[in-house]
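Me: Could you walk me through how some labels for ring and charge contacts are earned? I will show you what I have.

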Amino acid sequence: MAEKGKKKIPRQAMPEQDPKVRAHNFDEVPYGYDEKLAQLEAQRCLQCKKPKCVEGCPVEVEIPQFIKFIVEGDFAAAARQLKNKNSLPAVCGRVCPQESQCEQTCILGKKGEPVAIGRLERFAADYERNNNLVTIPEVEAPTGKRVAVVGSGPASLTLAGDLIKKGHEVIIYEALHTPGGVLIYGIPEFRLPKAIVAAEVDYLQKMGVKIETDVVVGKTTTIDELLEDHDAVFLGVGAGLPLFLNLPGENLCGVYSANEYLTRSNLMKAYKFPEYDTPIALGKNVAVIGAGNVAMDAARTALRLGADTVKIVYRRSRAEMPARAEEIHHAEEEGVQFELLTNPVRFIGNEEGWVTGMECIRMELGEPDESGRRRPIPIEGSNFTMECDTVIVALGTRANPLIPSTTPDLKLNKWGYIEADPETGATSKEGVYAGGDIVTGSATVILAMGAGRKAANAIHEYIMGNA
Amino acid sequence: MYKIVDKKVMAEGTVCQLEVEAARVARKAKPGQFIVLRIDEKGERIPLTMAKKNVDKGTLTIIFQVVGKTTAHLATLEPGDALIDVIGPLGMPTHIEKYDGPVICVGGGTGVAVLYPITRGYKEAGNEVIGIIGARTKDLLILEDEMREVTDDLRITTDDGSYGHHGFVTDVLKQILEERNDVKMVVGIGPVPMMRFVCKTTEPFNVPTTVSLNPIMVDATGMCGACRVTVGGKTRFVCVDGPEFDGHQVDFDELTLRLRMYVEEEKKSYELFKQKHA
């Protein structure tokens with residue numbers, strides 16, 4: 001098709017569940033493109049000689065090439081092309097913040113709307129999986145080297161895939177009972193079906209990766225013990241300690257960290273209580289503090305658990321909300337309300353120790369702070385009480401001290417995260433590498449995957465004696 | 001899977017002891033630490049204490065009281081059955097040192113199961129150890145022989161007077177504290193009201209008092225904060241900071257309320273289980 005014709009095709013929307021219906025079920029929100037829609041969208045790609053989109057991708061996916069395969073109707077080839085650089089395309093197509101990465105730099109976005117790269121990525125990966133076209137790649141001859149991978153989130157899964165292909169023995173040690181890390185306990189079913197994560201884990205296992213669940217490194221074993229019978233260790237444990245506000249009444253019943261709320265619902269399947277044993281508060285009026293992706297996930301989970309009202313309480317304004325545009329849009333469509341420029345002051349409870357309300361104060365934006373965002377300042381005397389019977393604190397996480405406390409020679413930065421070389425993931429301890437949120441603090445799936453890839457290369461060089 | 005190799009029913013069928021294969025946990029377990037277990041795919045994760053371990057056999061012994069669905073289900077399991085998950089050892093081990101005066105270890109109900117390895121630890125460190133264990137009635141008393149072995153002096157109380165002192169563990173505790181002014185440490189483990197009273201009893205005597213808390217947990221590795229408790233005005237996570245704390249600093253009111261957070265759901269779950277197994 002001529003370039004002019006291409007430009008006339010509008011960006012194709014993904015068909016999705018009606019917001020009124022989906023606000024009451026846990027099924028995935030978008031249905032994804034069908035073949036026709038995918039090809040139509042793929043035709044919009046200008047196949048740039050120097051593709052800007054690739055520069056915007058932390059793992060440099062060969063975007064024009066995979067899109068070209070979709071145009072040609074060879075969807076399995078598109079998926080294989082994706083997997084050259086991204087071992088989890090079905091996941092990334094769903095959870096990457098494309099609008100600030102590949103799609104932000106897409107040339108079409110300058111004058112109109114960028115190519116829907118994320119939706120195409122998701123389509124190709126789903127097509128391959130749903131049609132049983134996934135092929136298990138050949139792995140190189142065994143090297144006799146063993147690598148321990150601690151945690152099984154996106155950084156670890158990427159690294160495990162890379163190292164197993166090079167012929168190393170790879171053993172993942174996971175503290176929880178199901179592998180996948182944040183993809184399992186954090187991101188809800190309606191945004192990332194758990195069957196997709198299970199399929200990715202299964203793919204790694206078929207390549208030979210071993211996974212041992214129920215192993216809490218720092219408790220069940222230590223890094224030093226792992227180093228006794230492994231040639232290198234990778235720490236991809238995430239930033240697993242929730243932040244609270246330290247406000248009066250925060251330990252009332254009904255006040256959750258987002259980690260707890262989402263773990264109960266996602267990992268423990270509390271939304272299926274009493275079929276599953278783990279309960280969760282079924283709040284009528286739910287307040288979620290924070291406006292990142294995790295806050296949106298918690299808010300939309302609360303709706304699906306039957307809440308009448310769900311409010312996002314955020315101290316800055318809409319422009320500063322850190323969540324993906326699509327998550328905010330979906331939450332709003334489903335009926336989540338936004339109490340912006342509002343900050344909690346204390347939690348109010350009844351005699352049974354249950355939260356019944358939250359005293360808040362209105363905020364205004366002042367001068368930019370160190371994050372470059374305008375600093376929220378309380379407006380004196382603007383206090384008011386918001387009624388709520390469930391509060392979810394979604395303010396991010398910090399570093400879990402379980403591993404550092406048993407590994408004294410592992411250097412940390414002033415926030416408690418592990419110090420690692422940004423190019424190799426090498427830590428202060430020989431043979432130990434780290435990547436993902438435990439190094440950077442809360443970030444994205446794709447950045448963790450990028451760190452996993454770099455560390456895999458560095459570990460390969462190290463154990464083969466080249467480093 | 002973690003195979004059950006032995007089972008004993010104690011205290012008139014209300015308390016149950018299971019020995020479970022979990023070699024890598026047993027290898028690391030220290031007094032004061034706990035495990036999290038899950039029975040099957042639909043099960044919840046519950047924290048339980050390890051009363052004993054056998055490193056050679058690679059087994060752990062857990063003792064629990066039937067209080068709801070998960071513990072009732074657990075009590076129906078027999079040797080040969082298996083648990084889907086056993087995770088641990090979790091929490092900080094008891095800080096054990098040699099004191100120049102007696103240590104009093106006070107246990108109530110199934111709390112004695114938590115107390116036993118700690119008592120043993122104090123004894124093995126060369127301390128003079130006085131034990132006080134109590135139950136509602138004689139048949140509910142557990143681990144008497146084991147506790148006798150690891151104490152220099154074991155006192156027993158029952159609420160109904162069917163065995164030992166007629167009254168509460170705190171009666172005997174107070175009496176000993178009045179008789180001896182060289183007590184260096186008290187460890188009190190049992191139901192929340194009992195631990196609260198142990199702390200109230202020791203407070204006027206200025207004797208450091210450790211309690212072991214058992215709040216609701218999910219992951220038990222510090223990730224979720226379900227187990228948070230106020231100690232000395234600060235929020236602590238029992239799973240990683242505890243389970244043992246200075247009892248004089250613990251906000252027992254808050255702990256009591258938080259333990260009741262899912263009381264309705266727990267009832268519902270238990271009723272459904274009983275109907276199914278009737």
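Reply: Happy to; what follows takes a few labels in turn, and the model is a predicted one.

Me: Why is the pair of Phe244(A) and Phe237(B) called edge-to-face?

Reply: The ring centres are 6.3 Å apart and the planes meet at 90°. Centres within 6.5 Å make a pair and planes over 60 degrees apart count as edge-to-face, so the label holds. A search of the whole structure gives 9 aromatic pairs over all chains.

Me: How do you know that this pair crosses between chains?

Reply: Phe244(A) belongs to the loop between strand 5 (241-242) and strand 6 (255-257) of chain A, while Phe237(B) is in strand 15 (residues 234-237) of chain B. Both Phe244(A) and Phe237(B) are buried, too.

Me: What makes Arg304(A) lie over the face of Phe190(A)?

Reply: Arg304(A) is 3.8 Å from the ring centre, and the distance limit is 6 Å, with a further limit of 35 degrees from the ring normal. Phe190(A) is also linked by ring pairs with Phe26(A) and Tyr271(A) into a cluster. In another case, the charged end of Arg318(A) sits over the ring of Phe338(A), at 5.2 Å from its centre.

Me: How do you know that Glu121(A) has no salt bridge?

Reply: Its nearest side chain of opposite charge, Arg324(A), is 8.6 Å away. A salt bridge needs a distance within 4 Å, so Glu121(A) has none. Glu121(A) is nonetheless buried, lies in helix 9 (residues 117-130) of chain A, and touches residues including Phe66(A), Leu82(A) and Cys92(A).

Conventions: Residues are numbered from 1 along each chain as its sequence is written. Chains are lettered from A and ligands numbered from 1 in the order in which they are written. This is a predicted model: local features need pLDDT of at least 70, side-chain atom pairs count only at pLDDT 80 or more; totals for chains, interfaces and linings use all residues. Side-chain values use heavy atoms; hydrogens and water are left out. Rings of Phe, Tyr and Trp (its six-membered ring) pair if their centres lie within 6.5 Å; planes under 30 degrees apart count as stacked, over 60 as edge-to-face and the rest as tilted. Helices (H or I, at least four residues) and strands (E, at least two) are DSSP runs, numbered from the N terminus. Buried means under 20% relative accessible area, exposed over 50%, partly exposed in between (1.4 Å probe, protein chains only). Lys and Arg count as positive and Asp and Glu as negative; His and the chain ends are not counted. Contact means heavy atoms within 4.5 Å. Lists of a residue's contacts leave out its neighbours within four places in sequence.
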